[in-house]
Amino acid sequence: MAARSQYEELARQLSAIGAVKREMGRILPQDCPPASAGVLTLLDRHGEMRMSQLAELLAIDMSVTSRHVAHVAERGWIERQPDPVDKRSRLLRLTPSGRELLAELAERYTQTLARYLDDWTDTDVGQLVELLARLRTSFGDCRVRAAHHESPESPATTRIHAAG
């Protein structure tokens, strides 16, 4: 098991990842905020789905999901079709325009990462990918646990968040 100081430093580094995420968000087209890109990515990864499933995958409230869906639908990136099983529900699916946008976003992300990590070796990048995937696996489905294990923040956690 790692030393406490290593976990504290890891927590600080994870908190600071927000700056990296914000920088990556700056490369998105102006009419495609990160939340919209997230909706499109999930629909691409999981295929058509109901809004309730999308809200669960995003780990956000249905009303917020509805706003995100309206935004991407208005731009023609997704379509909402009646669910043949339950006519009260709608199925969300990517349109060809949405797929084109995702391809553009993938290219932008790839170019940006290549630019920022140009002094990293392929091995370094591979190790980062492997370790981040392992970290996500270790945490499992955080959405489920967060709903069941909410607890007040400790002074150490508060310090770590403040340092980010």
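Asp119 lies in the loop that connects α5 to α6 (122-139). In this predicted model, Asp119 has a relative accessibility of 62% and therefore counts as exposed, the cut-off for that class being over 50%. The residue does not stand alone in its charge: together with Asp118, Asp122 and Asp124, Asp119 forms a negative surface patch.

A walk back along the chain to helix α5, which spans residues 96-116, leads to Thr112. Here the picture is one of burial, since the relative accessible area of Thr112 is 4%, and a residue is classed as buried when the value is under 20%. Which residues does Thr112 contact, once its neighbours within four places in sequence are left aside? The partners are Met24 and Ile27.

These two sites can be placed against the chain as a whole. Its secondary structure amounts to 8 helices and 3 strands, and the order of these elements, read from the N terminus, is α-α-β-α-α-β-β-α-α-α-α. Among contacts with a separation of 6 or more, 51% join residues that are 24 or more positions apart.

Turning to the surface, the chain has an accessible area of about 11700 Å², and carbon and sulfur atoms contribute 54% of it. Of the 164 residues in the chain, 23% are buried. Thr112 belongs to this buried group because its relative accessible area is just 4%, whereas Asp119, at 62%, is exposed.

Definitions and conventions:
Residues numbered from 1 in each chain as written. Predicted model: local features only at pLDDT ≥ 70, side-chain atom pairs only at ≥ 80, totals over all residues. Heavy atoms only, no water. Helix = DSSP H or I, 4+ residues; strand = E, 2+ residues; numbered from the N terminus. Buried < 20%, exposed > 50% of the residue type's maximum accessible area, 1.4 Å probe, protein only. Contact = heavy atoms within 4.5 Å. Areas by Shrake-Rupley, 256 points an atom, 1.4 Å probe, with all protein chains shown as cover. Patch = residues over 30% accessible without salt bridge, like charges linked within 9 Å, V, L, I, M, F, W, Y side chains within 5 Å. Salt bridge = Lys/Arg side-chain N within 4 Å of Asp/Glu carboxyl O. Lys, Arg positive; Asp, Glu negative; His and termini not counted. Charge placed at Lys NZ, Arg CZ, Asp CG, Glu CD.
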